[in-house]
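Here is a friendly walk through the side-chain contacts of one protein model. Have the sequence and the 3D view open as you read.

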Amino acid sequence: QVQLVESGGGLVQPGGSLRLSCLASTNIFSAYTMGWYRQAPGKQRELVATIRTDQSTNYQDSVKGRFTIARDNAKNTVFLQMNSLEPEDTAVYYCNARKQVIRLYDYWGQGTQVTVSS
């Protein structure tokens, strides 16, 4: 079982920045694909960004050029740097850890609220 704890959410004005962090309780953090997802009120949870074990990344089109995902395997932490925030980015942001070894291992954090408003 892997526990994921997010931090860094909050209220920010449009055009502002936030940095989310997610600390994972596992000794094999580097074996997991890590991801950030978000869910706005009344909408389904959607992928924001992922970073694989080889450091390759993938982003939702609407955040490309504004958000950056990164991982520090020595600190069991994944980050999401969010710049040029827009009201449409308002959502609960969830951290995810996933790996497929015989079966799928899939873990979620409790979420952190990001609100972009003037």
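## A word on exposure

A residue is called buried when its relative accessible area is under 20%, exposed when that area is over 50%, and partly exposed in between. Asp 106 has a relative accessible area of 32%, so this residue is partly exposed. Please keep in mind that this is a predicted model.

## Salt bridges

Let us begin with the charged pairs. How many salt bridges does the structure hold? There are six salt bridges. Asp 106 takes part in one of them, with Arg 98 as its partner and 2.8 Å between the closest N and O atoms. Arg 98 has a relative accessibility of 29%, so Arg 98 also counts as partly exposed. Another salt bridge joins Lys 64 to Asp 61, with the closest N and O atoms 3.0 Å apart. Here the acidic residue counts as exposed, because Asp 61 has 61% relative accessibility.

Arg 66 and Glu 86 form a further salt bridge, at 3.9 Å from N to O. This pair links distant parts of the chain, with the two residues 20 residues apart. Arg 66 belongs to the loop between β6 (57–59) and β7 (67–72), while Glu 86 belongs to the loop between β8 (77–82) and β9 (91–101). Is Arg 66 buried or exposed? Its relative accessibility is 11%, so Arg 66 counts as buried. Glu 86 is partly exposed because its relative accessible area is 33%. Both residues belong to a network of salt bridges that links Arg 38, Glu 46, Arg 66, Glu 86 and Asp 89.

## Aromatic rings and charges over them

Next come the rings. A search of the whole structure turns up two aromatic pairs. In the pair of Tyr 37 and Trp 108, the ring centres lie 5.0 Å apart and the planes meet at 65°, so the arrangement is edge-to-face. This contact also links distant parts of the chain: Tyr 37 sits in strand β4 (residues 33–39) and Trp 108 in strand β10 (residues 103–108), 71 residues apart. Tyr 37 is buried because its relative accessible area is 13%. Trp 108, at 32% relative accessibility, counts as partly exposed.

Rings also meet charges here. Arg 19 lies over the face of Phe 79, 4.0 Å from the ring centre. In a second example, the charged end of Arg 103 sits over the ring of Tyr 105, at 3.9 Å from the centre of that ring.

## The largest pocket

The largest pocket holds about 190 Å³ of space. Which residues are closest to its centre? Of the 13 residues in the lining, these are Arg 38, Ala 40, Lys 43, Glu 46 and Glu 88. Arg 38 and Glu 46 will be familiar from the salt-bridge network. By class, the lining has seven charged, four polar and two nonpolar residues.

## Backbone points to check

Two loop residues deserve a look in your viewer. Gln 55 has a positive phi near 75°, in a residue other than glycine. Gln 55 lies in the loop between β5 (46–51) and β6, and its relative accessible area of 42% is why this residue is partly exposed.

Ile 102 has a positive phi as well, near 65°. Its place is the loop between β9 and β10. Ile 102 has a relative accessible area of 87%, so this residue is exposed.

Key
Residues are numbered from 1 along each chain as its sequence is written. This is a predicted model: local features need pLDDT of at least 70, side-chain atom pairs count only at pLDDT 80 or more; totals for chains, interfaces and linings use all residues. Side-chain values use heavy atoms; hydrogens and water are left out. A salt bridge is a side-chain nitrogen of Lys or Arg within 4 Å of a carboxyl oxygen of Asp or Glu. Buried means under 20% relative accessible area, exposed over 50%, partly exposed in between (1.4 Å probe, protein chains only). Helices (H or I, at least four residues) and strands (E, at least two) are DSSP runs, numbered from the N terminus. Rings of Phe, Tyr and Trp (its six-membered ring) pair if their centres lie within 6.5 Å; planes under 30 degrees apart count as stacked, over 60 as edge-to-face and the rest as tilted. A charge sits over a ring if NZ of Lys or CZ of Arg is within 6 Å of the ring centre and within 35 degrees of the ring normal. On a 1 Å grid over the protein atoms alone, a cavity is a set of points where a 1.4 Å probe fits but cannot get out, and a pocket is an open set with protein on both sides within 12 Å along at least five of seven lines; lining residues have an atom within 4 Å of a point. Grid points are joined across faces, edges and corners, and a volume is the space filled by probe spheres set on the points. Ala, Val, Leu, Ile, Met, Phe, Trp, Tyr, Cys and Pro count as nonpolar, Asp, Glu, Lys and Arg as charged, and the others, Gly among them, as polar.
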